[in-house]
Amino acid sequence: MAEKFEFYNSLTRKIDEFVPNEPGKVSMYTCGPTVYHFAHIGNIRTYIMQDALIKALEYAGYEVKRVMNITDVGHLSSDADTGEDKMLAGAKREHKSVMEIAKFYTDAFFKDFEAVGNKKPDVIEPATNCIPEFIHMIEVLLEKGYAYQAGGNVYFDTSKLDDYYVFSSAIEKEQLEVGVRDDVEEDVNKKNKTDFVLWFTKSKFEDQALKWDSPWGVGYPGWHIECSCISMKHLGEKLDIHCGGVDNMFPHHTNEIAQSESYLGHKWCGYWFHSNHLNDRAGKMSKSKGAVLTVSVLKEKGYDPLVYRFFCLQSHYRKPLEFSFEVLDNTAAVYNKLVKRVAELKAEGAVDEKVKAEFEAKFREAVSDDLNTSMAITILYDALKADTNDATKLALVESFDRVLSLDLIGHAKALSEEAPVDPELLEFINSKIQERAEAKKAKDFATADAIRQELLDKGVEIKDTREGVKWQLI
């Protein structure tokens with residue numbers, strides 16, 4: 001039987017006890033990437049916290065089925081149904097087809113997604129797979145009077161709803177309404193400023209790369225419709241938990257609720273889980289700032305991707321988190337000490353099941369209390385300091401890592417098995433690294449490259465990192 005689990009529900013704006021539609025089972029939908037560019041580490045923070053939520057629910061005894069979409073059509077450069085399709089913009093930027101762009105960035109996304117310890121969703125569905133489902137939902141919305149045609153496009157009519165701003169307080173509603181009046185480029189086809197497009201036709205974009213026949217003309221779906229349809233296709237008409245970043249709340253998730261509940265005629269999803277932004281010192285992480293800082297880039301700089309996961313888990317998912325390399329360096333040092341501490345444990349003796357159960361109960365209570373991952377990490381440290389044997393401590397590390405996914409035992413084992421380096425080889429490596437540093441200082445890059453190759457020929461790979469040159473035997 002599943003244990004009590006609570007988290008902050010963005011829909012009710014309070015911490016709610018989670019009660020699924022089917023006892024013990026969780027249907028979860030998470031907004032996936034728009035695959036026009038790399039996912040930056042701010043995007044990945046959101047997915048780390050969603051992964052922790054899934055694993056925390058499983059730790060509490062629930063069975064979770066997770067569905068994720070891949071946005072490969074329909075997401076414009078403005079959430080207000082204006083600008084260019086992000087996929088087409090990516091294709092133009094890189095002189096590739098839209099589907100080539102989608103394949104490349106989908107693969108890159110999941111490489112980084114899995115590198116930080118995330119478990120792949122049970123179902124991953126590209127938007128372009130579901131055009132018939134989108135058309136059917138739009139037809140039903142038109143029949144029910146929740147949608148209208150204008151200027152060749154199909155729009156959702158927000159005036160038909162009793163409450164459109166479902167995530168907002170009265171003050172926020174007023175602010176959002178001001179924002180809609182002041183900031184959104186006017187679409188003369190819309191009856192109301194907050195109406196949104198369900199289907200675009202060539203009357204909107206002549207050069208759209210991906211387009212399909214529909215009852216309203218050749219065109220393609222709006223961004224919001226895909227999540228509603230993909231969720232219902234795989235999880236049915238009642239969804240337990242919908243996840244995303246706080247920037248998805250308005251208008252994307254607001255529009256999803258509007259169209260889904262109008263289509264269904266009943267409540268769609270009772271629990272909404274939103275993670276806050278990752279910021280750097282210049283503000284929110286964004287793809288529009290130029291170079292994109294990805295998990296792969298962190299890896300190239302010498303950081304273990306799981307150090308970034310550890311960094312994220314030490315903060316609460318609802319708080320903004322500020323990233324800097326200085327903080328990541330400190331996190332790496334702490335993570336390495338933790339691995340070293342685990343490596344010192346000896347798998348000897350019997351596990352004290354009573355002590356294990358007591359610590360597991362504390363850990364479960366922490367992750368079931370609005371996903372308090374920082375407290376969960378504190379409990380891990382408490383377990384390592386506890387007055388019990390190493391076998392029990394190792395069992396607890398393994399147990400907690402079902403949620404934390406820091407691969408502590410795997411890293412500890414690798415550390416313990418590291419063979420000592422031959423002293424002559426070590427002297428050779430250090431001398432060559434010094435020679436290379438002097439060559440680089442003298443701007444003699446040809447010699448520096450030759451030294452790198454010489455080391456490679458000896459089975460030694462070197463990497464330039466923020467902490468200096470690091471090497472490993474390959």
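Is Asn 255 buried or exposed in this predicted model? With a relative accessibility of 1%, Asn 255 counts as buried, because the limit for that class is under 20% relative accessible area. Asn 255 belongs to helix α7, which spans residues 249-264. Apart from neighbours within four places in sequence, Asn 255 is in contact with Tyr 164, Phe 196 and His 224. Helix α7 also holds Pro 251. The peptide bond that joins Phe 250 to Pro 251 is cis, with omega at about 5°. In general, most peptide bonds are trans, and most residues other than glycine have a negative phi.

The overall architecture was examined next. The secondary structure of the protein chain comprises 16 helices and 18 strands. The radius of gyration of the chain is 26 Å, close to the 23 Å given by the globule rule for 474 residues, so the chain is as compact as a globular protein of that length. Along the principal axes, the C-alpha atoms fill a box of roughly 80 × 65 × 40 Å. Buried residues make up 51% of the 474 residues. When contacts between residues at least 6 apart in sequence are considered, 76% of them join residues at least 24 apart.

The surface and the charges of the chain were also computed. The protein chain exposes about 21900 Å², and 50% of this area is supplied by carbon and sulfur atoms. There are 60 positive and 79 negative side chains. The centres of these two sets of charges lie 2 Å apart.

Aromatic side chains were then considered. The structure holds 32 aromatic pairs. For Phe 311 and Phe 323, the ring centres are 6.0 Å apart and the planes stand at 80°, so this pair is edge-to-face. The assignment follows because planes over 60 degrees apart are placed in that class. The pair links distant parts of the chain, with the two positions 12 residues apart in sequence numbering: Phe 311 lies in helix α9 (residues 305-313), whereas Phe 323 lies in the loop between β16 (321-322) and α10 (325-343). Phe 311 is buried, with a relative accessible area of 5%. Phe 323 is likewise buried, at 4%. In addition, one aromatic cluster is formed by Phe 5, Phe 7, Phe 18, Tyr 62, Tyr 271, Phe 273 and Tyr 317.

Backbone geometry was inspected at two loop positions. Leu 371 has a phi near 50°, a positive value in a residue other than glycine. This residue is placed in the loop between α11 (353-367) and α12 (373-385). Leu 371 is buried, with a relative accessible area of 0%. Ser 405 also has a positive phi, near 55°, and is likewise a residue other than glycine. The loop that contains Ser 405 runs between α13 (390-404) and α14 (408-417). Ser 405 counts as buried, at 12% relative accessibility.

Several helical residues are partly exposed. Ala 357, in helix α11, has a relative accessible area of 43% and is therefore partly exposed. Although Ala 357 and Leu 396 are 39 residues apart in sequence, their C-alpha atoms are 9.1 Å apart in space. Asn 330 is placed in helix α10 and counts as partly exposed, at 48% relative accessibility. The C-alpha atoms of Asn 330 and Gly 468 are separated by 15 Å, with the two positions 138 residues apart along the chain. Ala 437 lies in helix α15, which covers residues 423-441. At 42% relative accessibility, Ala 437 counts as partly exposed. Ala 437 and Val 35 are 402 residues apart along the chain, and their C-alpha atoms are separated by 39 Å.

Notes:
Residues are numbered from 1 along each chain as its sequence is written. This is a predicted model: local features need pLDDT of at least 70, side-chain atom pairs count only at pLDDT 80 or more; totals for chains, interfaces and linings use all residues. Side-chain values use heavy atoms; hydrogens and water are left out. Helices (H or I, at least four residues) and strands (E, at least two) are DSSP runs, numbered from the N terminus. The radius of gyration is taken over C-alpha atoms; the globule rule is 2.2 Å times the number of residues to the power 0.38. Buried means under 20% relative accessible area, exposed over 50%, partly exposed in between (1.4 Å probe, protein chains only). Contact means heavy atoms within 4.5 Å. Accessible areas come from the Shrake-Rupley method with a 1.4 Å probe; for residues, only the protein chains shown count as cover. Lys and Arg count as positive and Asp and Glu as negative; His and the chain ends are not counted. The place of a charge is taken as NZ of Lys, CZ of Arg, CG of Asp or CD of Glu. Rings of Phe, Tyr and Trp (its six-membered ring) pair if their centres lie within 6.5 Å; planes under 30 degrees apart count as stacked, over 60 as edge-to-face and the rest as tilted.
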